[in-house]
Amino acid sequence: WSMNFASDNVYGVDDAILAAIGAANETLTAPAYATDDWSKRAESMLNNVFEREVSAYLVASGTAANGLALSTMAQPFNAILCHADSHINVDECAAPELFSGGAKLYGIDGAGNKLTAASVEAMLATFVRGEHNSKPAALSITQATELGTVYSLDEIAAIARVADGKGLKVHMDGARFANALVSLDCTPAEMTWKAGIDALSFGATKNGALALEAVIFFDTALAEDFTYRRMRGGQLLSKGRYLGAQMEAYLKDGRWLDNARRANAHAQRLAAGLAEVPGVRVPLGAEANLVFPILPRSLSDQLKAAGAVFHLWPGAGPVIDTVGEDEVFARLVTSFATRDEDVDAFIAAARSA
């Protein structure tokens, strides 16, 4: 058995998406640069998904999606507020700063990698030195967060109200958007523009696509000149039909939601099984497809010796619990392609050890 819980990126492509790429390839020629029928149909499907007309742009990288989206909200002298441990702040090699021409990210601490309306207000209150400070212009939240927690609709709306009251645009990093959506059992519209989100990085790669993200603008004024930003950022694929074909297959018949439900269910089983192992704590539960158990260091070593693959996670930890000197904070990620037997094997190995 392959007990690989390193990332949802370690798994392959959903068969239906791979087949759609192959089917698109059977057409001898097609218009280039996102003017093909596949891309047009995908953009139309996204309008249906979000229950309104949106400005949607397909790209191949989540890092580019985040950086390009934020570049429409922030000029070089602006500030972008985010969680201190957010992906844009610690895992994207300053891409938002690059694409925005130098806008500064301000990290805010918070339990479970979540911002709150109060923590955003407190950060904004520190900008008191006029032009000596960067000027706050944007705020970004991750849904689901980097620690697998999920913002409720009320939490998103409360944060967005604070941001809007201060003239900030709100971006959502939705690398695991589908996992959060099925966890909340709400609609895409409810989790985004109806709650005050202006732009979304809509992730698909982690949920079964080959290389597929979309930058979606609900505030369509932000999309002005985005085609130029996408081109300059190296994200306008010449053979764009293969992005469109992926998105079509991803959305068709709710496949993206089925994949996310499967991944989340694996994480819930994994969390429940580990919580019964003596010495193991799972303080954050499993709201999406990530599990962050606190393990005795000796158990972590034995699991890895047994062939399990997972990461020990840096940063502030869960905050709501403390990781002891002889303990580790581990990250386990499940996928739509994770097998039941892999989950069972990992739990059995933990119990045995």
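So, one definition before we start: when I say helix, I mean a DSSP run of H or I, at least four residues long, numbered from the N terminus. With that in hand, look at Asp 14, which is found in the segment before α1, the helix at 15–25. And keep in mind that this is a predicted model.

Okay, Asp 14. Is it buried or exposed? The cut-off for buried is under 20% relative accessible area, and Asp 14 has a relative accessibility of 3%, so it counts as buried. What does it touch, leaving out residues up to four places away in sequence? Gly 208, Arg 255, Asn 259 and Phe 336.

Now walk on into α1 itself. Its buried residues are Ile 17, Ala 20, Ile 21 and Ala 24. Those four cover an arc of only 100° around the axis, which puts them on the same side of α1. That spacing is no surprise: an α-helix has 3.6 residues a turn, so residues three or four places apart point the same way. As for what covers them, that includes α2, at 37–49, and α11, at 241–251.

Let's jump to the other helix I wanted to show you, α13, which runs over residues 297–305. Which residues are buried there? Leu 299, Ser 300 and Leu 303. Here too we get an arc of only 100° around the axis, so they sit on the same side of α13. The cover over these buried residues includes three strands, β9 (294–296), β10 (311–312) and β11 (327–333), plus the helix α14 (340–352). And following α13 you'll find Gly 307, with a positive phi, near 105°.

Right, let's zoom out to the whole protein. We have 14 helices and eleven strands. The radius of gyration is 20 Å, close to the 20 Å the globule rule gives for 353 residues, so the protein is as compact as a globular protein of that length. If you want a box around the C-alpha atoms, it's roughly 60 × 60 × 30 Å along the principal axes.

Some numbers on the inside: buried residues make up 54% of the 353. Take the contacts between residues at least 6 apart in sequence, and 77% of them join residues at least 24 apart.

And on the outside, the accessible surface comes to about 14,800 Å², with 50% of that belonging to carbon and sulfur atoms. Last thing, charges: there are 29 positive and 42 negative ones, and their mean positions are 3 Å apart.

Technical notes
Residues numbered from 1 in each chain as written. Predicted model: local features only at pLDDT ≥ 70, side-chain atom pairs only at ≥ 80, totals over all residues. Heavy atoms only, no water. Helix = DSSP H or I, 4+ residues; strand = E, 2+ residues; numbered from the N terminus. Rg over C-alpha atoms; globule rule 2.2 N^0.38 Å. Buried < 20%, exposed > 50% of the residue type's maximum accessible area, 1.4 Å probe, protein only. Contact = heavy atoms within 4.5 Å. Areas by Shrake-Rupley, 256 points an atom, 1.4 Å probe, with all protein chains shown as cover. Lys, Arg positive; Asp, Glu negative; His and termini not counted. Charge placed at Lys NZ, Arg CZ, Asp CG, Glu CD. Arc of directions from axis to C-beta.
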